[in-house]
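Student: I have a structure to read and don't know where to start. Can we take it feature by feature?

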Amino acid sequence: MTAEIFMRRAIALSLEQAQSGGGGPFGAVIVKDGRIIAEGANQVTTTCDPTAHAEIVAIRNACAALHDFSLAGCEIYTSCEPCPMCLAAIYWARIDRIHYGNGRTDAARIGFDDAFLYDEIPLALDLRSIPTGQVLADEAIIAFVAWEEKPDKVRY
């Protein structure tokens, strides 16, 4: 199979979502060894889950299919350039390559503007629009110490 076939499937998923009203117009597929192992479509409104973007759904489905939290050796084909949340999830999943159809400016034109998030991330905590502050750091660190000392931990 070719990159175009995989991208066409991601685009088909996005069109299905756009037409059905089942979520935003976004679709994604994850490919390993030349075959689709998982798909995802935007489910934010149907599941009342703001993290249920197409890429996140596809990652969850791929990890379940492979019984692994690492998607090393996989590629993702997504109908739109990933937002900052999805991009971070792709990196955490260790996906090897990202292919996308629409760009972020295309998404912004139809009301999905992630520019605010891209601008917000590099700001100092005290300059972000959501007030952020540290509480009980001395107590919270105990779990990190326990993790660090755990000899049989599974690193990810």
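Student: Is Glu81 buried or exposed?

Tutor: Keep in mind that this is a predicted model. The cut-off for buried is under 20% relative accessible area. Glu81 has 18%, so Glu81 is buried.

Student: Where does Glu81 sit in the chain?

Tutor: Look between two elements. Glu81 lies in the loop that links strand E3 (74–80) to helix H4 (84–92).

Student: Which residues does Glu81 touch?

Tutor: Leave out residues up to four places away in sequence. Then Glu81 touches Tyr100, Asn102, Gly103, Arg104 and Tyr118. With Arg104 there is a polar contact too: the Glu81 side chain reaches the backbone nitrogen of Arg104 at 3.0 Å.

Student: Now an exposed case. Why does Tyr156 count as exposed?

Tutor: Exposed means over 50%. Tyr156 has a relative accessible area of 63%, so Tyr156 is exposed. Tyr156 is in the segment after helix H7 (137–149).

Student: Which residues share a nonpolar surface patch with Tyr156?

Tutor: Phe69, Trp92, Trp147 and Val154 make the patch together with Tyr156. Its area is about 640 Å².

Student: And Leu127, buried or exposed?

Tutor: Use the cut-off again. Leu127 has 57% relative accessibility, so Leu127 counts as exposed. Find Leu127 in the loop between helix H6 (115–120) and H7.

Student: How far is Leu127 from Arg97?

Tutor: Give two answers, one for sequence and one for space. Leu127 and Arg97 are 30 residues apart in sequence. From C-alpha to C-alpha, they are 33 Å apart in space.

Student: How do I read a helix?

Tutor: Start with the pattern along it. An α-helix has 3.6 residues a turn, so residues three or four places apart point the same way. Then check length and cover.

Student: What is the length of H3, and what is expected?

Tutor: Helix H3 (residues 54–66) has 13 residues and spans 18 Å from first C-alpha to last. That is close to the 18 Å expected at 1.5 Å a residue.

Student: Which residues of H3 are buried?

Tutor: Ala54, Glu55, Ile56, Val57, Ala58, Ile59, Ala62 and Cys63. Their cover includes strand E1 (27–32), strand E2 (35–41), E3 and H4. After H3 comes His67, with a positive phi near 55°.

Student: How many residues of H7 are buried?

Tutor: The count is 0 among its 13 residues, and H7 is hardly covered. H7 reaches 18 Å from its first C-alpha to its last, close to the 18 Å expected.

Note on methods. Residues are numbered from 1 along each chain as its sequence is written. This is a predicted model: local features need pLDDT of at least 70, side-chain atom pairs count only at pLDDT 80 or more; totals for chains, interfaces and linings use all residues. Side-chain values use heavy atoms; hydrogens and water are left out. Helices (H or I, at least four residues) and strands (E, at least two) are DSSP runs, numbered from the N terminus. Buried means under 20% relative accessible area, exposed over 50%, partly exposed in between (1.4 Å probe, protein chains only). A polar contact is a pair of N or O atoms within 3.5 Å; within protein, one must be able to donate a hydrogen and the other to accept it, and residues adjacent in sequence count only if both atoms are side-chain atoms. Contact means heavy atoms within 4.5 Å. Patches are made of residues with over 30% relative accessible area and no salt bridge: like charges are joined within 9 Å, nonpolar side chains (Val, Leu, Ile, Met, Phe, Trp, Tyr) within 5 Å. Accessible areas come from the Shrake-Rupley method with a 1.4 Å probe; for residues, only the protein chains shown count as cover. A salt bridge is a side-chain nitrogen of Lys or Arg within 4 Å of a carboxyl oxygen of Asp or Glu. The expected span of a helix is 1.5 Å times one less than its number of residues.
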